[in-house]
Each structure stands twice: as structure tokens, then as C-alpha cells.
Amino acid sequence: MRCRGRSRRRFRKQRDQISAGIRKLQDFIRSAETEFDFFQDERTQRFLRFLKQKVFRFLRELLPRRMSGALRFGFADPALTGQGAALAAMLLPLYRDNLEIEPLFDREELSGNLAFRGRIQLFVFLFGAAQLWFHPDFRFVYRHLRGKNKRKNREDTHG
């Protein structure tokens, strides 16, 4: 008699754990579908394209207009120095004749002289931020993200 009661309790406990796991999985799938639909929405895609355009504009504005100098580098491992030289070769269109880079494969060293000149205009950043704020699709994306955070905070505090 006693064994039967224990096995029933154990069976019920395992059944409840499995059903709770299935419920969590269903909730996760539901939330993943909601997020997928949100990112596939035309308004979200339009805003993300606009945001990408503005971010690249900000980055282009941050890059120095003129740079000059010389850089010598070498690491303990020649293979790592070779990887650094490959990275420098990939960035060659950015610095062309203005910067002299010399990889040193025989010793560990990092030295050089670099000079940058450029300008950062606050107006460009403020104007871009205003454009983002007043973009009609920004409100849609902001409300979705803010609502998701509110739901998460409510779940954390109430259960």
C-alpha cells in the first residue's frame, strides 16, 4: 500500500514538471513568433534602414579628415604579427600614403608617431538625433521595446 502511494506521488510530481516544462516551451515559442513578426514588420524594417544610414553618417563624421605618421609593431608570435599586417593591409584604403606601417617579425615592439586632424560638429549629431526622434516609425519601435521591458519588469516583481 505504502509503495503504491509513493509511486503515485512521484508520478504526479514528474507529470507536473513535464507539463510545466511544456508550458514554458509554448510561451517561449509564442514570444519568439511575436518578436519575429515585429522584426519582419515593414515599419520596423524601414526604421532599421534609416537607423543604419544615420549610424554610418555619424561614423563617417567621426573619422579624421587627415592623418599622418609611422607605426612599427611586432608581437612575440610572428603569426600574430602577420595577422596584424593583414589587417593593416585591409585598412589600406583608409590611410593610403598618409601612414607608414612596418611589421617587425623578429622582435616584440610597438612604437610610432600618429597625428590626426579632423572636426566633429555637434550640429550633425543633434540634427541626426532629432531626425531619429521624429521619424514616424521610431515611435512604433520604441513602444514595442518599452512595452516588452515593462512586461519583463512586471513579471520579475509579481511572480
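These legends walk through several close-up views of a predicted model.

**View 1. The whole chain, with its helices and strands.** Welcome to the full protein, which contains 6 helices and 3 strands. Following the sequence, you will meet them in the pattern α-α-β-α-α-β-β-α-α. Of the contacts with a separation of 6 or more, 83% come from residues 24 or more positions apart.

**View 2. The open sheet.** Here 3 strands line up in the order β2-β1-β3, with mixed pairing. Strands β2 (99-103) and β3 (109-117) are the edge strands, and each of them pairs on one side only. From one strand to the next, the twist averages 5°.

**View 3. The pairing of β1 with β3.** Take a moment with strand β1, residues 66-74, which runs antiparallel to β3 and is joined to β3 by 9 bridges. To find your place in this ladder, look for A70: its bridge partner in β3 is N113.

**View 4. Helix α3 on the sheet.** Now turn to helix α3, made of residues 78-90, which packs on the sheet. This helix touches β1 and β2, and its direction makes about 165° with that of β1.

**View 5. The surface of the protein.** How much accessible surface does the protein have, and what share of it belongs to carbon and sulfur atoms? The total comes to about 13,400 Å², with 58% belonging to those two elements. As for burial, 16% of the 159 residues count as buried.

Definitions and conventions:
Residues numbered from 1 in each chain as written. Predicted model: local features only at pLDDT ≥ 70, side-chain atom pairs only at ≥ 80, totals over all residues. Heavy atoms only, no water. Pairing = 2+ DSSP bridges. Helix = DSSP H or I, 4+ residues; strand = E, 2+ residues; numbered from the N terminus. Axes fitted to C-alpha atoms, helices over the stretch in contact; angles between N-to-C directions. Contact = heavy atoms within 4.5 Å. Buried < 20%, exposed > 50% of the residue type's maximum accessible area, 1.4 Å probe, protein only. Areas by Shrake-Rupley, 256 points an atom, 1.4 Å probe, with all protein chains shown as cover.
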